[in-house]
Amino acid sequence: VSAKDTKSFIVLLASGRRHTIGRYPILSLAEARAPAKRALAEKTLGKIRPNTTGYLAAVAEFLERSAKKNRPGTVGEYKRLLTSHFPFGTARLADITSEQIEKRLKPLSDRPSEQRHAFMAIKVFFNWALKRRYVHSNPCAALFSPPKATSRSRVLTDKELRTVLRQARADVDAYGKIVELLIL
């Protein structure tokens, strides 16, 4: 019932998302039930998708809100990862699938640390989008997290260490002194 006393039949498709079926008394309760059942069935089958913004617009909003509670370096890293590894452009968030995300992550398999960071960034982004009701589900939930990168076993040779030490001693600022101290 609206403020002007207009009566309408609606069906809730998602939390807070309503679909108007028709007005009363033009449409009876019995007549309104069939389209309501059809709309709910279409939602279940995935034919009705949420009205979402495009990927780039959502990323911009995500970065803006992230800037309020995260460090600038974290926000910059999110921006780099989300724009360079996931160039979905203006595609609707609801249309992005787990297969598309997996396809974007696959070329990074030779760089396991970058692959893992990219996966975490897109997962955090879609969790944020889910809370804003831009999507019904997080497409990353169906994916396995990439394995952690193994730590390297290589150490600097004496010759390489001497070169680094010479450079550190030649550097006049505090960073050169810190590197020299670490070597010693």
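Let me begin with the second largest pocket of this structure, which has a volume of about 180 Å³. By pocket I mean an open set of points on a 1 Å grid over the protein atoms alone, with protein on both sides within 12 Å along at least five of seven lines, and lining residues have an atom within 4 Å of a point. The volume is the space filled by probe spheres set on the points, which are joined across faces, edges and corners.

Before going on, I should say that this is a predicted model, in which local features need pLDDT of at least 70 and side-chain atom pairs count only at pLDDT 80 or more, while totals for chains, interfaces and linings use all residues. Residues are numbered from 1 along each chain as its sequence is written, and side-chain values use heavy atoms, with hydrogens and water left out.

Which residues line the second largest pocket? They are Phe62, Arg65, Ser66, Lys69, Asn70, Tyr78, Val124, Asn127, Trp128, Lys131 and Arg132. Helices α2 (55–69) and α5 (112–131) each supply at least two residues of this lining, where helices are DSSP runs of H or I with at least four residues, strands are runs of E with at least two, and both are numbered from the N terminus. By class, the lining has four nonpolar, three polar and four charged residues; here Ala, Val, Leu, Ile, Met, Phe, Trp, Tyr, Cys and Pro count as nonpolar, Asp, Glu, Lys and Arg as charged, and the others, Gly among them, as polar.

Staying with helix α5, we find Phe119 there, and at 1% relative accessibility Phe119 counts as buried (buried is under 20% relative accessible area, exposed over 50%, and partly exposed in between, with a 1.4 Å probe and protein chains only). Phe119 and Leu143 are 24 residues apart in sequence, and their C-alpha atoms are 9.4 Å apart in space. In the loop between α5 and α6 (158–170) sits Arg133, which has a positive phi of about 65° although it is not a glycine, and which counts as exposed at 52% relative accessibility.

Asp5 offers another positive phi in a residue other than glycine, near 65°; Asp5 lies in the segment before β1 (7–14) and is exposed, with a relative accessible area of 55%. The backbone also has a cis peptide bond from Tyr24 to Pro25, with omega near 15°, and Pro25 is in the loop between β2 (17–24) and α1 (29–45).

Turning to charged pairs, how many salt bridges are there? The count comes to six, with a salt bridge taken as a side-chain nitrogen of Lys or Arg within 4 Å of a carboxyl oxygen of Asp or Glu. One of them joins Glu180 and Arg169, at 2.9 Å from N to O, and this pair links distant parts of the chain, since Glu180 is in helix α7 and Arg169 in helix α6, 11 residues apart. Glu180 is buried, with a relative accessible area of 15%, whereas Arg169 counts as partly exposed at 47%. Salt bridges that share partners also join Glu77, Arg80 and Glu114 into one network. In a further pair, Glu160 meets Arg154, the closest N and O atoms being 2.6 Å apart; Glu160 is partly exposed at 28% relative accessibility, and Arg154 is exposed at 56%.

Terms used. On a 1 Å grid over the protein atoms alone, a cavity is a set of points where a 1.4 Å probe fits but cannot get out, and a pocket is an open set with protein on both sides within 12 Å along at least five of seven lines; lining residues have an atom within 4 Å of a point.
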